[in-house]
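Colleague: I am new to this protein and would love a close look at one part of it. Could you pick a helix, walk me through it, and then show me how the rest of the chain fits around that picture?

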Amino acid sequence: MAAPLTLLLIVAVTIRAVLFRSSLAELIPERVEVVSPLNAWKRVVEGLALLDLGVSPYAGDVFHETPLIIYFFHFVIDYAEIVFMMADALTAVALYLAVKDYNKTVFRKQKYALEAERYPLDCLELIRTPKEMYYIPLKVAMFYLLNPFTILSCVAKSTCGLNNAVIALFILCTVKGSSLMSAIFLALATYQSIYPLTLFAPALLYLLQRLYIPVNWQRSSFWLFTTQYAFMYLGSLCVMVCLSFFLLSSWDFLSSVYGFILSVPDLTPNIGLFWYFFAEMFEHFRLFFICVFQINVFFYTIPLSIKLKEHPVFLIFMQIAIISIFKSYPTVGDIALYMAFLPAWNHLYRYLAGVGLLLCVPAARAPPDPWLVPEEERRQRGHSGSQVDDTNSHTHLHAHTHTDRDGTWVTDPYLTDSDSEHYPTL
């Protein structure tokens, strides 16, 4: 399987390299579906310029990425395109290895359940064969690397690709059973955008399953491991936050990054729900509805964890999908991550609205929403629309006049000078 994966990586990198050298490389970063105020590359460049001038990148209201990101690109700014292509490749390889290891666990449990005759007869059609499971990891990698959403994010140099790489590494470490590395990557993902905090519960459930520790509130082993994993997670998160403070010698990044995510002050149009709702919201109710909207991301964690505690990997998939829907500044790169997992649940396609999702994606831009048209393009359209051909002044308009209730003639306000001579004057 290494040869097909290598070929897939070569094809994916080639596509991205070609697009980076095409005219689309300037157009794609302007699309509000692809970038947001949080992950736009232009904002990263402006933050780096401020940093080089000795000014805090959070002094204005432009840069909203984390300090570790800006210091990372401070050293690799000349190789940004390679970094984003490597991030996509790393994400695909991590997902490939994670799904491959997970399928081994699923096949083992499935084999034991079949031997014990635990499956009802009406569920036997959902049993996956070894041949079918063999190609699932490659399909997952292909769904991510060749997804147009992933390619667009990479060409736009959106930092969403780096976030996806961190989450993919977290999933790989969790599936492999490495609690320390899982906690570190989960802390890094939370440090980047807060919302991956909801992945703590499914990761804990999966690690408990691997250690054969039952989810029992009265068992000391359950509380011991939960406390240990939470300590590693919170400790790693505190180290990253403190490191950010030492790099900047300021806590300004807390309000500029996390306050910006939670308060949603920038209502630039995007594919999410926040901007559309709060653009029409009275300021008096703003705080209340922001709290309601933000709670939505975390609200589903507890009921889903109770219902899907036996299927924590599927729970991770569900939580990633919820984050991509309800986060304050979503982009197509967030959607690409959870869409990559669809081949892993191919035996459930008959129960999922996957076909509807695939049909809605190309139709999402028809008719085009004028809110989502970039400002420069709207300006050009307005300018071209205001230019009237001189020949139009000689055209005859129909039905320029009508009679009022009292029988008097009323001239149409759109009547041109050349046409007014054909009609009675008032």
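Modeller: What follows starts with one helix and then moves outward to other parts of the chain.

Please keep in mind that this is a predicted model. As a quick orientation, the protein has 21 helices and two strands. Of its 426 residues, 46% count as buried. Among contacts with a separation of 6 or more, 69% are between residues 24 or more positions apart.

Let us take helix H10, which covers residues 179-193. Helix H10 has 15 residues, and the distance from its first C-alpha to its last is 21 Å, close to the 21 Å expected at 1.5 Å a residue. Is H10 mostly covered or mostly open? Mostly covered: eleven of its 15 residues are buried. Near the start of the list of buried residues you will find Ser179, Ser182 and Ala183. The list goes on with Phe185, Leu186, Ala187 and Ala189, and it ends with Thr190, Tyr191, Gln192 and Ser193. So you can look for both polar and nonpolar names there. What do these buried residues pack against? Their partners are helix H4 (67-76), helix H9 (160-176), helix H11 (200-210), helix H12 (220-248) and helix H13 (252-263). Just after H10, Ile194 takes a positive phi of about 70 degrees.

Two of those partners lead us outward, and H9 is a good place to begin. Lys176 lies in helix H9 and Asp101 in helix H5, so their pairing ties together parts that are 75 residues apart in sequence. The pairing is a salt bridge, with the closest N and O atoms 3.6 Å apart. Lys176 counts as partly exposed, at 45% relative accessibility, whereas Asp101 is buried, with a relative accessible area of 18%.

On the other side of H9 in sequence, Thr159 sits in the loop between helix H8 (148-155) and H9. Thr159 is buried, because its relative accessible area is 0% and the cut-off for buried is under 20%. Leaving aside neighbours within four places in sequence, Thr159 is in contact with Leu38, Asn39, Val44, Glu65, Ile69, Phe73 and Phe84. One of these, Ile69, is 90 residues away along the chain, yet the two C-alpha atoms are separated by 8.6 Å.

Phe73, another contact of Thr159, brings us to the largest nonpolar core, which has 119 residues. Phe73 is among the residues with the most contacts inside this core, together with Leu95, Phe170, Ile171, Tyr229, Ile320 and Trp345. Helix H5 (residues 80-115) gives the most to the core, with 13 residues. If you would like to centre your view on one core residue, try Trp345: not counting residues up to four places away in sequence, Trp345 touches Tyr102, Val313, Phe314 and Phe317.

The second partner to follow is H13. After H13 comes a loop that leads to helix H14 (274-278), and Asp266 is in this loop. The side chain of Asp266 meets that of Arg43 in a salt bridge of 3.5 Å, N to O. Arg43 belongs to helix H3 (residues 41-52), and the pair links distant parts of the chain, 223 residues apart. Asp266 counts as buried, at 17% relative accessibility.

How many salt bridges does the structure hold? There are seven, including the two just described. Another joins Lys327 and Asp334, with the closest N and O atoms 3.2 Å apart. Both Lys327 and Asp334 are buried.

A charged residue to visit at the start of the chain is Arg16, in helix H1 (residues 2-20). Arg16 counts as buried, at 1% relative accessibility. The side chains of Arg16 and Asp88 are joined by a polar contact of 3.0 Å. Leaving aside neighbours within four places in sequence, the contacts of Arg16 are Met85, Asp88, Tyr144, Leu145, Thr150, Ile151 and Cys154.

Finally, you may want to set the model beside its database record. An unreviewed UniProt entry lists residues 68-99, 143-172, 184-208, 229-251, 257-278, 285-302 and 314-341 under "transmembrane region". Two of these stretches are worth a look in the model. Over residues 257-278 the chain is 55% helix and 0% strand, with the end C-alpha atoms 19 Å apart. Over residues 285-302, the chain is 89% helix and 0% strand, and the end C-alpha atoms are 27 Å apart.

Note on methods
Residues numbered from 1 in each chain as written. Predicted model: local features only at pLDDT ≥ 70, side-chain atom pairs only at ≥ 80, totals over all residues. Heavy atoms only, no water. Helix = DSSP H or I, 4+ residues; strand = E, 2+ residues; numbered from the N terminus. Expected span 1.5 Å × (residues − 1). Buried < 20%, exposed > 50% of the residue type's maximum accessible area, 1.4 Å probe, protein only. Contact = heavy atoms within 4.5 Å. Polar contact = N/O pair within 3.5 Å; in protein donor to acceptor, adjacent residues only side chain to side chain. UniProt positions renumbered as here; feature names shortened; annotations may be inferred. Core = buried A, V, L, I, M, F, W, Y, C linked by side-chain atoms within 4.5 Å. Salt bridge = Lys/Arg side-chain N within 4 Å of Asp/Glu carboxyl O.
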